[in-house]
Amino acid sequence: GVSLWLKTAEVQPHPDSQLFLIDTKDALRSHRFSTRNTGVSWVSMYVNGGAAPSISWSSIPTSTWTHVHLETDVEIRDPMTIMALAIEEQVEDGQDFAGNLKGQLAEVYLWSRPLQAFEAAATSRGFN
């Protein structure tokens with residue numbers, strides 16, 4: 001699974017584009033999590049320690065620090081990008097890339113096993 005603290009901007013530079021919280025380079029894109037779609041490997045989602053009503057972008061508030069924990073049913077072995085589309089092309093100087101999500105990110109954790117609900121809730125309280 002993936003746990004992180006996130007504060008997304010209410011206004012995004014490319015609101016009509018698909019904006020990525022998580023992307024991987026796997027061929028099926030089964031680990032994607034974006035403003036438009038959610039990969040099939042995500043099986044549960046916790047927001048601020050509680051189970052989210054759905055595994056979707058609409059479950060994440062904007063403009064406030066939010067703890068998000070996503071569980072997958074398969075091991076992620078591919079390179080992962082957070083808050084950006086996994087691309088191999090270079091972006092020209094001065095250009096915004098449309099897949100990038102505008103916001104702030106803190107305390108990113110990758111887990112090698114599924115967390116139980118109480119563990120996901122505990123990660124939302126931090127480790128300090």
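Q: How many salt bridges does a search of the whole structure find?
A: This is a predicted model, in which local features need pLDDT of at least 70, side-chain atom pairs count only at pLDDT 80 or more, and totals for chains, interfaces and linings use all residues. Residues are numbered from 1 along each chain as its sequence is written, and side-chain values use heavy atoms, with hydrogens and water left out. A salt bridge is a side-chain nitrogen of Lys or Arg within 4 Å of a carboxyl oxygen of Asp or Glu. With that cut-off, the number of salt bridges found in the whole structure is two.

Q: Are Asp-23 and Arg-32 buried or exposed?
A: The side chains of Asp-23 and Arg-32 meet in a salt bridge, 3.0 Å from N to O. Burial is judged by relative accessible area with a 1.4 Å probe, protein chains only: under 20% is buried, over 50% is exposed, and values in between are partly exposed. On this scale Asp-23 and Arg-32 are both buried.

Q: Which residue forms a salt bridge with Arg-113?
A: At 43% relative accessibility, Arg-113 is partly exposed. Its partner is buried because its relative accessible area is 18%. The closest N and O atoms of the pair are 2.7 Å apart, and the partner of Arg-113 is Glu-119.

Q: Leaving aside neighbours within four places in sequence, which residues are in contact with Glu-119?
A: Glu-119 is found in helix H1, residues 117-123. The side chains of Glu-119 and Arg-113 also make a polar contact at 2.7 Å; the term covers a pair of N or O atoms within 3.5 Å, where within protein one must be able to donate a hydrogen and the other to accept it, and residues adjacent in sequence count only if both atoms are side-chain atoms. Contact in general means heavy atoms within 4.5 Å. Outside those sequence neighbours, the contacts of Glu-119 are Arg-113 and Pro-114.

Q: What distance separates the C-alpha atoms of Phe-118 and Gly-49?
A: Phe-118 has its place in helix H1. It is exposed because its relative accessible area is 57%. Phe-118 and Gly-49 are 69 residues apart along the chain, and their C-alpha atoms are separated by 8.1 Å.

Q: What pattern does the chain follow along the sequence?
A: Helices (H or I, at least four residues) and strands (E, at least two) are DSSP runs, numbered from the N terminus. The chain has one helix and eight strands. Read along the sequence, the pattern is β-β-β-β-β-β-β-β-α.

Q: In what order do three strands form an open sheet?
A: Two strands pair if DSSP finds at least two bridges between them. E2 (residues 20-24) and E3 pair in the antiparallel sense over two bridges, and the bridge partner of Phe-20 in E3 is Ser-34. E3 (33-34) and E7 (80-82) are the edge strands, each pairing on one side only. The sheet is antiparallel, in the order E3-E2-E7.

Q: How many residues of strand E6 are buried?
A: Strand E6 spans residues 66-72. Thr-66, Val-68, Leu-70 and Thr-72 point one way from E6, while His-67, His-69 and Glu-71 point the other way, and all are buried. The count for E6 is therefore seven of seven.

Q: Which residue in E6 is the bridge partner of Met-45?
A: E6 pairs antiparallel with E1 (residues 2-8) over five bridges, and Ser-3 stands opposite His-69. E6 also pairs antiparallel with E4 (residues 42-47), again over five bridges. In that pairing, the E6 partner of Met-45 is Leu-70.

Q: Which residue in E8 stands opposite Thr-8?
A: Five of the seven residues of E1 are buried, so E1 is largely enclosed by the rest of the structure. E1 pairs in the antiparallel sense with E8 (residues 103-110) over six bridges. Opposite Thr-8 in E8 stands Gly-103.

Q: Which strands each supply at least two residues of the largest nonpolar core?
A: A nonpolar core is a set of buried Ala, Val, Leu, Ile, Met, Phe, Trp, Tyr and Cys residues joined through side-chain atoms within 4.5 Å. Of the 17 residues in the largest one, Leu-21, Ile-22, Phe-33, Met-45, Ile-60 and Leu-70 touch the most other members. The strands that each supply at least two residues of this core are E1, E2, E4 and E6.
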